[in-house]
Amino acid sequence: MIKRYVFSVALALGLFVATLPVLAAEGGEDLPSAGTNVNDRAALQRGARLFFNYCVGCHSLKYVRYSRLATDLGLSEDEVMSNLNFTGAKFGEPVLSHMPADGAKAWFGKEPPDLSLEARAKGVDFIFNYLNAFYLDPSRPVGWNNTVFPNASMPNPLWELQGLQVAVHGEAKPGQEATVEKLELQRPGRMTPDEFRGATRDLATFLEYTAEPAALERQSVGVWVILFLAGLTFLLYLVKHEYWKDVHEEH
Amino acid sequence: MASLFDWVNERAPNLAPTFRKHMTEYYAPKNFNLWYYFGSLAMLVLVNQIVTGIFLTMNYKTSALEAFNSVEYIMRDVEWGWLIRYMHSTGASLFFVVVFLHMFRGIMYGSFKRPRELVWILGMLIFLVLMAEAFMGYVLPWGNMSFWGAKVIISLFGTIPYIGSSLVEWIMGDFLPADATLNRFFALHVIALPLVLLLLVVLHLAALHEVGSNNPDGVDVKHGPKGNRWDADKPKDAVPFHPYYTVKDLFGVGFFLTIAAFIIFFAPTFGGWFLEHDNFTPANNLVTPSHIKPSWYFTPFYAILRMIPSFFGTAIWGVIGMFGSILLLALLPWIDKGAVRSVRYRGLGFRIALGVLVVSFLSLGAVGAGVTAELIPAWFPHADVTTWENAFGRLMALGYFGFFLFVWVYTRFGFEKTKPVPERVTMHD
């Protein structure tokens, strides 16, 4: 009897566990992890500073308001308006780039996308690795290429921080172009490679936040909800157990 | 209070007995196990979807231009909007989790068999409406996967000879999924289908209470000895739904909500399975996502569609196969002619076939979701992915359809060697 019950439970769990490898396989990108922590407020602030110094010239965050940034990043209205807002937008307005759309198409072949949701659409790992993977390529229109996103139309906006990377090509197979084996720093930038990885990690963290501002809140709320529900479930189990004593006795 | 009750009772004398029959004094077998939680949990999720859905519609904009923005507005600017949306999106996936387990329970314990065929048919109708409801809801955020998913699914109707292409246009109200499509899907998702769903759920329960619940032993408690401590005329092996199953189901609700809360608060996209990465990009008819695939709960059926090749110059066979795979489930009461209900006392052949069904269904899900397309090159670098995937997928499709064929032959021609069924239900906890 007990055996059959155990078997039932095992089958139910088995069905669940059987789906786990399937679940795990979904995140099948092979990129190294960005290692971001969206709750690290200092990283968010550093990432925001980088974004507003190097990215917002071309890319908007149209779903993010300056006022919300102030609240979530622990900054005052003054700090946001004088350090992050360079477009004259009002405090309650969203972060919009001033790059004209027509000009952008002419210059880059493509309008720079809004980055509000980039971390959810492509993943933080993609952003982090992409920002580290630029190299000089004279064959491209803007002189840059990228190993994570080959033939990207974007030049490296952070080159003065990172320095200039060049590609080391492997042996070309007949009829194919040589693949990039690794990237080498040709001329150092203002940051050491480690510092630069840290900076791009901060930037990825900031974009992880802009993609889902609720992420700051939901985990801290979630802990209490789950504690409450777990307690409630335990009490409900006791109630059930108490009531069912009748049925078991009769049996 | 008592006078109000009398006042109502005088004017509607059947109300109280109906309530007792269907709720408080519905006598259910006392040996329900783990598998019997999923029916009440499906009701819970349905209520969750309706309540959170009402709040979502207060802020959602039904327009191809504004839909995507309005969803982000809900996620960012609406107070607790993110929670409401995550409850709705997680609820949609968990709805299918509990419904699949509920259906599996029915197959495993023979709950679809005489006299409960009507309950099963109504349940299958609920499943069909639920699939339509989920598909249309998935289109509403108007992300890029919403758009392409809608395009692929609607174009299935294009395989129907003669009327196909005009039918597709008629469904979309345009030549592509567009504003007209979004508006009509909103109407169907928010009003039409929920009404049908609620009606079917009421009928499903009414039909069930007419014949009484099955149980893990598949024994008819109505035919067993009479008289229990609550009522001298009711089956000895049954207990009144209230309080016994209300408290038991409440415990199940608590357990389920704890798991749901974990997903909602800590993994709302569930690694891209409940909310897909490509759907965080607005709909764009010029940019095709790298892998167009439906939501995970459609993937087994989608895989059947993909695995059946076109021949005689038409792709309709896959569509027939896909809908046929659901129709066969609905016809199970007439396919499985075995006299014994519960898997506990059925022949070895049935047990094996049931295992094959589960493995095939899950594997088809993996094929439909593109998991095999990723795993095959990882495990076998030199394999031709398409050939291997087709071979595996077709084998699993064969397993799925084979279940029905096998069970029919097995039970129709008397091959099944069943074990003796006990006189009364067994209980073991």
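A residue is called buried if 20 or more other C-beta atoms lie within 10 Å of its own, exposed if 12 or fewer do, and partly exposed in between, with C-beta atoms placed from the backbone. The model on your screen is predicted, and local features need pLDDT of at least 70, side-chain atom pairs count only at pLDDT 80 or more, while totals for chains, interfaces and linings use all residues. Residues are numbered from 1 along each chain as its sequence is written, and chains are lettered from A and ligands numbered from 1 in the order in which they are written.

Start by selecting residues 180-188 of chain A, which form strand β6 (strands are DSSP runs of E with at least two residues, helices runs of H or I with at least four, numbered from the N terminus). Of its 9 residues the number buried is 0, so strand β6 of chain A lies largely in the open. Add strand β5 (residues 163-169) of chain A, which pairs with β6(A) in the antiparallel sense over 7 bridges, where pairing requires that DSSP finds at least two bridges between the strands. Within this pair, A167(A) stands opposite L183(A) in β6(A).

Now move to chain B and select W142(B), which lies in the loop between α6 and α7 (144-155). Its phi is near 60°, a positive value in a residue other than glycine, and W142(B) counts as buried because it has 26 C-beta neighbours inside 10 Å.

Select Y162(B) next, in the loop between α7 and α8 (164-172) of chain B. Y162(B) also is not a glycine and has a positive phi of about 65°, but Y162(B) is exposed, with 7 other C-beta atoms within 10 Å.
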